[in-house]
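Q: I am new to this structure. Please take a close look at one part, the largest pocket, and then set it in the rest of the model.

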Amino acid sequence: MRAVCWYEMRAQRRLPVTDGIVLGQQLYAQINHGRWTASCTCLSAQIVTPADPRMWCVECGTGWWQIRFPADAEAVEQQLADLPVVERNWWHSEDPEDPARPTLEV
C-alpha cells in the first residue's frame, strides 16, 4: 500500500484499489540493486517487501498479486550486504519457473 500511496501522491491521481482480492497466480520476488521488487505480467516492476507479500501494480491495476519470497529473506539480504549496491541482485535460483529469472541461454 505504501507504493500505491506514493504513486498517488506523485501522479496526483487516485487508484481504484480494492481490498482483500488476491489473484491466484503468484509473482516472484527478486532483489534488484538492493531493493526487493516483483515484475507484473504487464512488464512493470514494483517495489515489494517480505513484511507484506502482496503487490498492487500501479501501471495496469489488475488487482492484488501474491508475491513469493524465499524461505529466509534475511539470509538472502545478508549474502548481498557486502556487495556494491549495483551488484546486489538476486533471483529465485531454486525455482526455474520464475519467468523473470535471467538465463545464459541464447
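A: The answer starts with the basics, turns to the pocket, and then takes up single residues.

This is a predicted model: local features need pLDDT of at least 70, side-chain atom pairs count only at pLDDT 80 or more, and totals for chains, interfaces and linings use all residues. Residues are numbered from 1 along each chain as its sequence is written, and side-chain values use heavy atoms, with hydrogens and water left out.

First, the layout. The protein has two helices and five strands. Here helices (H or I, at least four residues) and strands (E, at least two) are DSSP runs, numbered from the N terminus. Their order from the N terminus is α-β-β-β-β-β-α. The protein has 106 residues, and 31% of them count as buried. Buried means under 20% relative accessible area, exposed means over 50%, and partly exposed lies in between (1.4 Å probe, protein chains only).

Now the pocket. Rolling a probe the size of a water molecule over the atoms shows where empty space is left. The search runs on a 1 Å grid over the protein atoms alone. A pocket is an open set of points with protein on both sides within 12 Å along at least five of seven lines. A cavity, in contrast, is a set of points where a 1.4 Å probe fits but cannot get out. Grid points are joined across faces, edges and corners, and a volume is the space filled by probe spheres set on the points.

The largest pocket holds about 400 Å³ of space. Helix 1 (2-11), strand 3 (45-47) and strand 4 (54-56) are the elements that give two or more residues to its lining. Lining residues have an atom within 4 Å of a point. There are 17 of them, and M1, R2, A3, I47 and V48 lie nearest the centre of the pocket. Helix 1 gives the most to this lining, with five residues. By type, the lining divides into 12 nonpolar, two polar and three charged residues. Ala, Val, Leu, Ile, Met, Phe, Trp, Tyr, Cys and Pro count as nonpolar; Asp, Glu, Lys and Arg count as charged; the others, Gly among them, are polar.

Strand 3 also holds Q46. Q46 is buried, at 8% relative accessibility. Its side chain and that of S44 are joined by a polar contact of 2.9 Å. A polar contact is a pair of N or O atoms within 3.5 Å; within protein, one must be able to donate a hydrogen and the other to accept it, and residues adjacent in sequence count only if both atoms are side-chain atoms. Q30, in strand 1 (residues 22-32), is buried as well, at 6%. The side chain of Q30 makes a polar contact of 3.2 Å with the side chain of S39.

Next, the loops. Most residues other than glycine have a negative phi, and most peptide bonds are trans. H33 is not a glycine, yet its phi is positive, about 55°. H33 sits in the loop between strand 1 and strand 2 (35-39) and is partly exposed, at 34%. L43 also has a positive phi, about 80°, without being a glycine. The loop between strand 2 and strand 3 holds L43, which is exposed at 80%. T41 is found in the loop between strand 2 and strand 3 too, and is partly exposed at 48%. T41 and C60 are 19 residues apart in sequence, while their C-alpha atoms are 9.1 Å apart in space.

C60 leads to the cysteines. A disulfide is a covalent bond between the sulfur atoms of two cysteines. Here the cut-off is a pair of cysteine sulfur atoms within 2.5 Å. The structure holds zero disulfides. For C57, the nearest cysteine sulfur is that of C60, 3.6 Å away. That is too far for a bond, so C60 and C57 stay unbonded. C57 is buried, at 0%, whereas C60 is partly exposed, at 33%.

Last comes helix 2 (residues 73-80), whose buried residues are A73, V76 and L80. They lie on the same side of helix 2, because they cover an arc of only 60° around the axis. The arc is that of the directions from the helix axis to the C-beta atoms. The face turned away from this buried side carries the exposed residues E74 and Q78. P84 is in the segment after helix 2 and is partly exposed, at 44%. P84 and H33 are 51 residues apart in sequence, with 8.6 Å between their C-alpha atoms.
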